[in-house]
Amino acid sequence: MRSTARGEGRRLAGRHRNIELGLLALAVAVCLAGHIDASLALTGSLPPGLLVHGLSLGALAVAAHLAVRRFAPYADPLILPLGVFLTGFGLVLLDRLDFSYKAAHAAKGDYQKLPAAPSQLMWVFLSVAAAIALIVFVKHHRFFQRYVYLLMAGALILLAAPVFSPSDSFGAKRWIRLFGLSFEPDEFVKVAITIFFAGYLMAARDALALAGRKVWGMTLPRGRHAGPVLAIWAVSLLVLIFERDLGTSLIFFGVFIVMLYVATERTSWVVLGLLMAVGGAGVVGTLEPHVHGRVEAWLHPLDYYKPVHDPAISEQPAEALFSLGTGHMTGTGLGSGRPWLIGFAGRSDFIFTTIGEELGLAGVTAVLLVYVLLIQRGLRTAVGLTDPFGKLLATGLSAALALQVFVVVGGVSGLVPLTGKALPFLAAGGSSLLANWLMVALLIKLSDSSGRTALEPAPPSPEPLPAQAGPAGRSGAAPDRTAPGQDADRAADQASGPSTAGAAPGGRHDPGAPTELRPAVNTPAASMPPFSTPAAPQSSYGHFPAAERPTHG
């Protein structure tokens, strides 16, 4: 029976891998169609190197698929195709923008005329190779649980490194330059810190879930348990003050609050976190000039066109609104718009305006739904996992992706202030692409564990204990239907010796004899044994420690 169930699970897993392969082919085909459409609109001919580009992207997708089929056969069949589609579509947008920037900036001679797509393609190869290596060599996601504090120490070092950078980049200190190369350490920090949060909250969730005092109808945590939240809040504010990086600060603190709520199931943590985030951002936004300029540009984007305006307000927020408004419902078509009028759109979060202008509201909605679907698959993986570390890690990775998409799209569309973060998978940037593909690889490993639990049959339950004497003195009573979690209690009861309550002479049970829950008639209350209640069911996260559980006297 069990071998039959296992064979059925493996067949279903193989079917998922075939679905994944078909979706990968569809993703590559859609990206190639977009590449051809943009080139026909811009030049009237097919793009040069189309065959090489298509074969390269297809080979990468197949290599990743083979790694998943061999080393993560029970993984979710949608995660990898969604990552491939977003990456390939980003290459389409960058190549389209490179053509226009080259024509518009050739006479100016500035860096805008340099193409971004070739270097991004190189980073695509490196990122997918790193993801394949993680899938192959990391046997189980709990491997990272051993190194949570080491990862946290490295993450803090990387997070503080840009402070010592000699120069700013577009007003913020987010880059480290080594040997002529620059990378954003905060992109890797979000992955490392998410792993640390998962390990820390798994160990401390009981203490953090303890009830505190009520204030205005809301149960606030105890002071000593609020320390970690205050520490994370302080670190996020330091990032905001010294690096002037609003996006990293919001993602850093937001992921922690989301994971804290999942671990403790207490809304008071969410309310407290939102108040701390808004309060801290408000103070820093008022006192720090660069962050204050971002807020002013968000509140008054069209003030740039006034004769006298705040010098901190740039033209990009207003131009982004014009570009998004030009697209209307279906857009101008790939290659037929003018998104290149926004400076460095292809190298920043403003690449989102290219989608809005040339694909319209329909294209924007489709791309956002792809992100939503990827986030949903991560959360679905968290639901299917059985270990707390995996649940928290999948939730944290999904929350990090969701928050980054929110701050980028919200900043470009005028919903929130601009943060300067890269739109995941789409915008140019090797650090961002590599970190996001590592997140995809982690989600694939997590979903493999979740799928293995769902599709493989559970091991057979241990042999039942010998049957006890039944109520009528019969041996061979009904089989034991005790839940697996009650085996320890049952063993402890047997170790303490057979109960004599209700035992009649000769070892037979007397149905009318007094028991612990049914005292004898006319028994004085003082001589009655204490009432014993069964243990309340505990959730998978929040419950009281043994030292603080209420007792009944």
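## Salt bridges, a cavity and some unusual residues

In this predicted model, the side chains of Glu-187 and Lys-421 come together in a salt bridge, with 3.5 Å from N to O. The two partners sit in distant parts of the chain: Glu-187 belongs to helix α6 (residues 185–208), while Lys-421 is in the loop between α13 and α14 (430–455), and their positions lie 234 residues apart in the numbering. Both Glu-187 and Lys-421 are buried.

That pair is part of a bigger set, since the count comes to nine salt bridges. Another one joins Asp-76 to Arg-377, and here the closest N and O atoms are 2.8 Å apart. Once again distant parts of the chain are linked: Asp-76 is in the loop between α2 and α3 (79–104), Arg-377 is in helix α12 (residues 351–384), and the two are 301 residues apart. Asp-76 is buried, and Arg-377 is buried too. This pair also has company, as salt bridges that share partners join Asp-76, Arg-377 and Arg-380 into one network.

A further salt bridge pairs Asp-387 with Arg-142, whose closest N and O atoms are 3.8 Å apart. Asp-387 lies in the loop between α12 and α13 (388–413), and Arg-142 lies in the loop between α4 (117–137) and α5 (148–160), so this bridge ties together parts that are 245 residues apart in sequence. The two ends of this bridge get different labels for burial. Asp-387 has a relative accessible area of 11%, so it is buried. Arg-142 counts as partly exposed, because its relative accessibility is 41%, and the partly exposed class runs between 20% and 50%.

Next come the empty spaces inside the model. Five cavities of 30 Å³ or more turn up in the count, and the largest of them holds about 100 Å³ of space. Which residues line the largest cavity? The lining is made of Asp-186, Val-189, Lys-190, Ile-193, Thr-194, Phe-197, Thr-248, Ile-251, Phe-252, Val-255, Gln-404 and Lys-421. Lys-421 is a familiar name here, as it is also the salt-bridge partner of Glu-187. Helices α6 and α8 (246–264) each supply at least two residues of this lining, and α6 gives the most, with six residues. Sorted by chemical character, the lining of the largest cavity divides into six nonpolar, three polar and three charged residues.

On the outside of the model, Leu-21, Val-62 and Leu-66 form a nonpolar patch on the surface. Together these three residues have about 240 Å² of accessible area. Val-62 is found in helix α2 (residues 50–71). With a relative accessibility of 39%, Val-62 counts as partly exposed. Helix α2 is also the place of His-53, but this histidine is buried, with a relative accessible area of 17%. His-53 and His-35 are 18 residues apart along the chain, and their C-alpha atoms are separated by 9.8 Å.

Some backbone angles are worth a look as well. His-328 has a positive phi of about 55°, although it is not a glycine. This residue lies in the loop between α11 (316–327) and α12. Is His-328 buried or exposed? Its relative accessibility is 63%, so His-328 counts as exposed, the cut-off for that class being over 50%. Phe-425 is another residue other than glycine with a positive phi, this time near 75°. Phe-425 lies in the loop between α13 and α14, and at 3% relative accessibility it counts as buried.

The loop between α13 and α14 holds Pro-417 too. Pro-417 counts as buried, because its relative accessibility is 15% and buried means under 20%. Pro-417 and Glu-296 are 121 residues apart along the chain, yet their C-alpha atoms are separated by 8.5 Å. Taking this loop as a whole, its residues include Pro-417, the salt-bridging Lys-421 and Phe-425 with its positive phi.

Key: Residues numbered from 1 in each chain as written. Predicted model: local features only at pLDDT ≥ 70, side-chain atom pairs only at ≥ 80, totals over all residues. Heavy atoms only, no water. Patch = residues over 30% accessible without salt bridge, like charges linked within 9 Å, V, L, I, M, F, W, Y side chains within 5 Å. Areas by Shrake-Rupley, 256 points an atom, 1.4 Å probe, with all protein chains shown as cover. Salt bridge = Lys/Arg side-chain N within 4 Å of Asp/Glu carboxyl O. Helix = DSSP H or I, 4+ residues; strand = E, 2+ residues; numbered from the N terminus. Buried < 20%, exposed > 50% of the residue type's maximum accessible area, 1.4 Å probe, protein only. 1 Å grid on protein atoms, 1.4 Å probe; cavity = no way out; pocket = protein on both sides within 12 Å on 5 of 7 lines; lining within 4 Å. Points joined across faces, edges and corners; volume = space filled by probe spheres on them. Nonpolar A, V, L, I, M, F, W, Y, C, P; charged D, E, K, R; others polar.
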